[in-house]
Amino acid sequence: MGEIHHRTCHICEANCGVLVEVEGRRVLSIKGDPENPLSRGHICPKATALEDLQNDPDRLRAPQKRVGDTWTEISWEQAFREIGEKARAILARDPASSATYVGNPNAHSYGNALNAHHLTKALGTKNQFSASTVDQMPHQVANLRLYGHASMFGIPDIDRTQTLIIIGGNPMASNGSVWTVPDFRNRARELKARGGQLVVIDPRRTETAKIADRHVFVRPASDVFLLVALLKAVMARRPFQPVQDFVTGLGDVAALLARFDDAACLAASGVAPEDVAWLAERLTTGPAALYGRLGIATQLHGTLNAWLIALINVAAGQLDREGGTVFPIPALDTISMLPRGSLGKYTSRVSGHKSVLGEFPAAALAEEIETPGEGQIKALFVVAGNPVLSTPNGPRLDAALESLELVVSVDMYRNATSRRAHYILPPTGPLERDHYGLFLLPMAVRNVAVYSQPTLEREDPAALHDWEILRGLATAISGKPVQEPTPREALDSLLQGGPYKVSLAEVEAAPSGLDFGPPKTGVLPGRLRSDDQTVSAAVPAFMDALAALEVPDAAPAGTGKLTLIGRRHLRTNNSWLANSHRLTKGPNRCTLMIHPQDAAPLGLEQGDQATVRSASGAITLPAEVTDDMMPGTVSIPHGWGHDLPGMAMQVAKARAGVSANVLTESGALDPLSGNAALSGVQVEVAKAELEAAE
Ligand SMILES: Nc1nc2c(c(=O)[nH]1)N[C@H]1C(S)=C(S)[C@@H](COP(=O)(O)OP(=O)(O)OC[C@H]3O[C@@H](n4cnc5c(=O)[nH]c(N)nc54)[C@H](O)[C@@H]3O)O[C@H]1N2
Ligand SMILES: Nc1nc2c(c(=O)[nH]1)N[C@H]1C(S)=C(S)[C@@H](COP(=O)(O)OP(=O)(O)OC[C@H]3O[C@@H](n4cnc5c(=O)[nH]c(N)nc54)[C@H](O)[C@@H]3O)O[C@H]1N2
Ligand code: SF4
Ligand SMILES: [Mo]
């Protein structure tokens, strides 16, 4: 019997409470914490893989330096000194020639969140890129324009609703996103047990669709037309009912919507009129919430989608209402901590992209490295990111990285991206760090505060946490030490200044978490950060984009093209759990899902190798023929392709798969947010042997 430590699993957004039993440095077990008020004992297979990660022999434990193809381990002192010297020399030639790319795990580390700015400040760079623009940026732009703050997320009140409609999200695999909803399966079960309905709108019959009461196929990247028709139907059902008095401009939106022909919209999106009528009825009778996620964000109309979804909830009278879309009040209020968010503050050098929340599109990183001239990127700092696998046209970026004078990767693996680094700086192991769900608890289905202390001491006393590495880099580059409270000290004062005025000591006294109850309603007016304290529905930039939107003819048949979408699996997390023994067990999950109707004419059968080709590139992978796909649509998961030369991830290499982002296009962006259009790429599929024989 070992010692039990309470922790929050920081791998995905669900932030489940776990009990880690340890004896010395040995992990005996990792189980769900039944006392955690948010996750109620739930965990998924990834939590137990925390141990694989902690003990992985391939996980880097000391700084690595590359010269040519040769890697050597160096001291932290040498790493910081050399990086500082090189960065200063590059910046002395051209002060605008550095850049940062910040990856997804930064959202799961409050230490990183509170310290990343030290690095960008030391570099003095406007070239900031992140995984946000291959993910949720459209939601944030919609939040900013509607509520006055990019971080003001409304979430479905799943525990009290009677209808939950999910469009472009698959929480049974992802465990929820921009919605901290651990134990989704049981929450959905409870919804059904009280007579409620779960509805999924998705081009694939997903794991979530399979437990839903109703699944509606939608043609990829055509959601905007469905949402237009649905908003019109909702407005038609509630024309005279007052929505909240802090909402203005719905009439202007209604007037603009009149130009759209419902039948044409539905034909374009592939949805039947009875489905829309039924959805509108459910949304306007009883508590209901429409929730959209990754599938609606990573497409050309991502921001319009996020806006229309919010307006549907508004027009249906479901905003800030019990069982509708609600606004949590977290113990550490990011709305008060973070700036509202800026739009168009800077313009990118090569394509003139306007910055969004101070960032340029991740899809534009390659061109900023490739294109000569003043301001050409020469030094790149990647913090917990793997853009070679995670951003559009990865091979193009990969080649661009090779041309850089200085690449520094703060990462624990030598993976697809960090193999291009000159220095890899690995942080302490996952069980050696503390945790607070800074960005995730503000989107949680209950208002909870929970803090985890490090479960294990640092294996090597010289090892550094991410935040210490970030400060070390900042100091090495600027020559000025960072003199600020530690993240833990900052957390304490932020909590004390927060809505519940609790100290960190009080939070720590409840190891499973302090529970402040379900989200309250009627709170939105007090939380709005828009200048006039209203939700102005008719956002001018969005109205212009909607006015210019052309409804295409229903998909032309016989072009031979199929439309590509992505997917996630419960046992992966983007690209970075690929070296876990536990998680990589079982069947190959990097497959091309294709409908029998599309596979038959190609002579493609289950397990055949299929070559998928787009304007950007081609990959070959096994076909999985399944009528879970909407005909005309194929699905490939991202985060694969672990056999690039120079990588050092042995387990991952044995199950390498291929990268979906060989097929995605760096030029395809949502103009309102700079988010990559990963969904809806046109591809051609052929049986691999046939192609080889030609
Ligand atoms: N085609 C397609 N592409 C996609 C998506 C898709 O659905 N389809 N999804 C997109 C989405 S939503 C996202 S968020 C992005 C993710 O994009 P990225 O963030 O660029 O990629 P990840 O695969 O999450 O890689 C995270 C990296 O951080 C490292 N890491 C993990 N934990 C830590 C830590 O605690 N500290 C440090 N320093 N490093 C750590 C890992 O080893 C890994 O190298 O991918 C996007 N790309
Ligand atoms: N197990 C696991 N969990 C994860 C991750 C992981 O890699 N693995 N990644 C984490 C991250 S970084 C994120 S951002 C979240 C994402 O969380 P979710 O948003 O739930 O992400 P997905 O599971 O990719 O679900 C997206 C859904 O959109 C559908 N879709 C694709 N294109 C379209 C379209 O054009 N229209 C519509 N309506 N639907 C479309 C896809 O079929 C898919 O079912 O998951 C997080 N959790
Ligand atoms: S659902 Fe997410 S937070 Fe919960 S155990 Fe799995 S990976 Fe960890
Ligand atoms: Mo993400």
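Q: Which residues surround ligand 3?
A: The model is a predicted one. A residue counts here if one of its heavy atoms lies within 4 Å of the ligand. Those that surround ligand 3 are Cys 9, Ile 11, Cys 12, Ala 14, Asn 15, Cys 16, Ile 43, Cys 44, Lys 46, Ala 47 and Asn 175.

Q: How many residues of the shell around ligand 3 are nonpolar?
A: The shell around ligand 3 has two polar residues and one charged residue. Cys, Ile and Ala count as nonpolar. The nonpolar residues of this shell number eight.

Q: Which polar side-chain atom lies 2.6 Å from a nitrogen atom of ligand 2?
A: Two contacts of ligand 2 involve the protein backbone: a backbone N or O atom of Leu 570 is 3.4 Å from a ligand nitrogen, and a polar backbone atom of Asn 574 is 2.7 Å from a ligand oxygen. The side-chain atom at 2.6 Å from a nitrogen of ligand 2 belongs to Ser 679.

Q: What percentage of the area of ligand 2 does the protein bury?
A: Ligand 2 taken alone exposes 920 Å². The shell around ligand 2 holds 32 residues, and Ser 174, Asp 202, Asp 223, Thr 572 and Ser 679 are the closest. Of the area that ligand 2 exposes alone, the protein buries 98%.

Q: Why does ligand 2 lie between two domains, and which are they?
A: The shell around ligand 2 divides into ten nonpolar, 15 polar and seven charged residues. Ligand 2 lies between two domains because both give residues to this shell. They are domain 2 (137-328 + 539-547) and domain 3 (562-693).

Technical notes: Residues numbered from 1 in each chain as written. Chains lettered and ligands numbered in written order. Predicted model: local features only at pLDDT ≥ 70, side-chain atom pairs only at ≥ 80, totals over all residues. Heavy atoms only, no water. Polar contact = N/O pair within 3.5 Å; in protein donor to acceptor, adjacent residues only side chain to side chain. Areas by Shrake-Rupley, 256 points an atom, 1.4 Å probe, with all protein chains shown as cover. Domains from an automatic or database assignment.
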